[in-house]
Amino acid sequence: MRHAICLALGLLLPATSAAQSDAPPSAAAASAAAAVQPEAVAALERMGTYLRSLKNFTVHGDTTIDLVMDDGQKLEFPGTVDYKVRAPNGLQLDIRSDRKERQLFYDGKTLTVYGPKNKLYASTDAPPTIGALLDAASDKYGIELPLADLFLWGTDKAPTASLQSAVFVGPARIGNSPTEHYAFRQEGVDWQVWIEPGAKPLPRRLVITTTDDPAQPQYASTLTWNTNAALKDSAFTFTPPKDASRIRLVEVDAVAVGGATP
């Protein structure tokens, strides 16, 4: 789990959640909270292997994110995240909330970030794979893609060796789907994932708690998948609207401050 995607709250098991199980966590799971259970790590690795086998897919996330005010009060904002993905080098991302709309297009050569509300966009050369794009977007431009770990689980970018605890909590349901609930802890972050059992171990819900922030903000997303999506090349290429304006994508170490952003 990349710490950078820790967008948000602070209760490991929220009192109200779409992912509540019919039964409380077992005593065995609770007592093993500080352990790294091999079966929990194995479940994570199976999920990562399966995700990397997907060639064309879409995933919709219903999200919530906490914003911590100066006085420590936390506000929660709902939103959505939609990915269209064609491995290894096609990606479109739509992020929508009451406060923000962003689109990101990547076709293996060019990365474009577009703000539909202000109709500003910025394009730049991009590396040849989604994995390399994630690094470049973060390191060079400070762009952290939500749910980026969907592309990193099971790779050296998300090593299981960094886990301080890994626990199977128990069976749970997300909507009408049975899942298996796991909880993990590593430096600066606690996170939970609900994984479908069986041959297609898709993550159905993810909750991330930033623990190195005293307010412990939380980000949560419930995921809906289409693992056999028909995606056209045009999905990954940005065509600017006639009234859109191009601006420069500023690198994070650049001195320039105050320019418009898409």
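The dialogue below walks through a sheet, two helices and some aromatic pairs in a predicted model.

Trainee: What should I keep in mind about the numbering and the model before I begin?

Mentor: Residues are numbered from 1 along each chain as its sequence is written, and side-chain values use heavy atoms, with hydrogens and water left out. Because this is a predicted model, local features need pLDDT of at least 70 and side-chain atom pairs count only at pLDDT 80 or more, whereas totals for chains, interfaces and linings use all residues.

Trainee: In what order do the strands of the sheet stand?

Mentor: Strands of a sheet pair through backbone hydrogen bonds, either parallel or antiparallel. Strands here are DSSP runs of at least two residues (E) and helices runs of at least four (H or I), both numbered from the N terminus, and two strands pair if DSSP finds at least two bridges between them. In this model 12 strands form an open sheet with mixed pairing, in the order E7-E8-E9-E10-E11-E1-E2-E3-E4-E5-E6-E12. The edge strands, each pairing on one side only, are E7 (165-174) and E12 (245-246).

Trainee: How many bridges join E1 to E2, and which residues stand opposite each other?

Mentor: Strand E1 (residues 56-68) runs antiparallel to E2 and is joined to it by 13 bridges; His60 stands opposite Asp82, and Leu67 has Leu75 as its bridge partner. The two strands form a hairpin with five residues between them, and in that turn Gly72 has a positive phi of about 95 degrees. E1 is also joined by eight bridges to E11 (residues 218-226), again antiparallel, with Thr58 opposite Asn226.

Trainee: Which residues of helix H3 are buried?

Mentor: An α-helix has 3.6 residues a turn, so residues three or four places apart point the same way. Buried means under 20% relative accessible area, exposed over 50%, and partly exposed in between, with a 1.4 Å probe and protein chains only. In H3 the buried residues are Ile130, Leu133, Leu134, Asp135, Ala137, Ser138 and Tyr141. Their cover, where contact means heavy atoms within 4.5 Å, includes strands E2 (74-86), E3 (90-97), E4 (101-106), E5 (110-115) and E6 (120-125). After H3 comes Gly142, with a positive phi near 70 degrees.

Trainee: How are the aromatic pairs described, and how many are there?

Mentor: A pair of aromatic rings is described by the distance of the centres and the angle of the planes. Rings of Phe, Tyr and Trp (its six-membered ring) pair if their centres lie within 6.5 Å, and planes under 30 degrees apart count as stacked, over 60 as edge-to-face and the rest as tilted. A search of the whole structure finds 10 such pairs, including the tilted one of Tyr114 and Phe238, at 5.0 Å centre to centre and 40 degrees between the planes. Tyr114 lies in strand E5 and Phe238 in the loop between E11 and E12, so this pair ties together parts that are 124 residues apart in sequence. The rings of Tyr182 and Phe184 are stacked, because their centres are 6.4 Å apart and their planes at 25 degrees. Both are buried, Tyr182 with a relative accessible area of 5% and Phe184 at 1%. Ring pairs also link Trp153, Phe168, Tyr182, Phe184 and Trp191 into a cluster.
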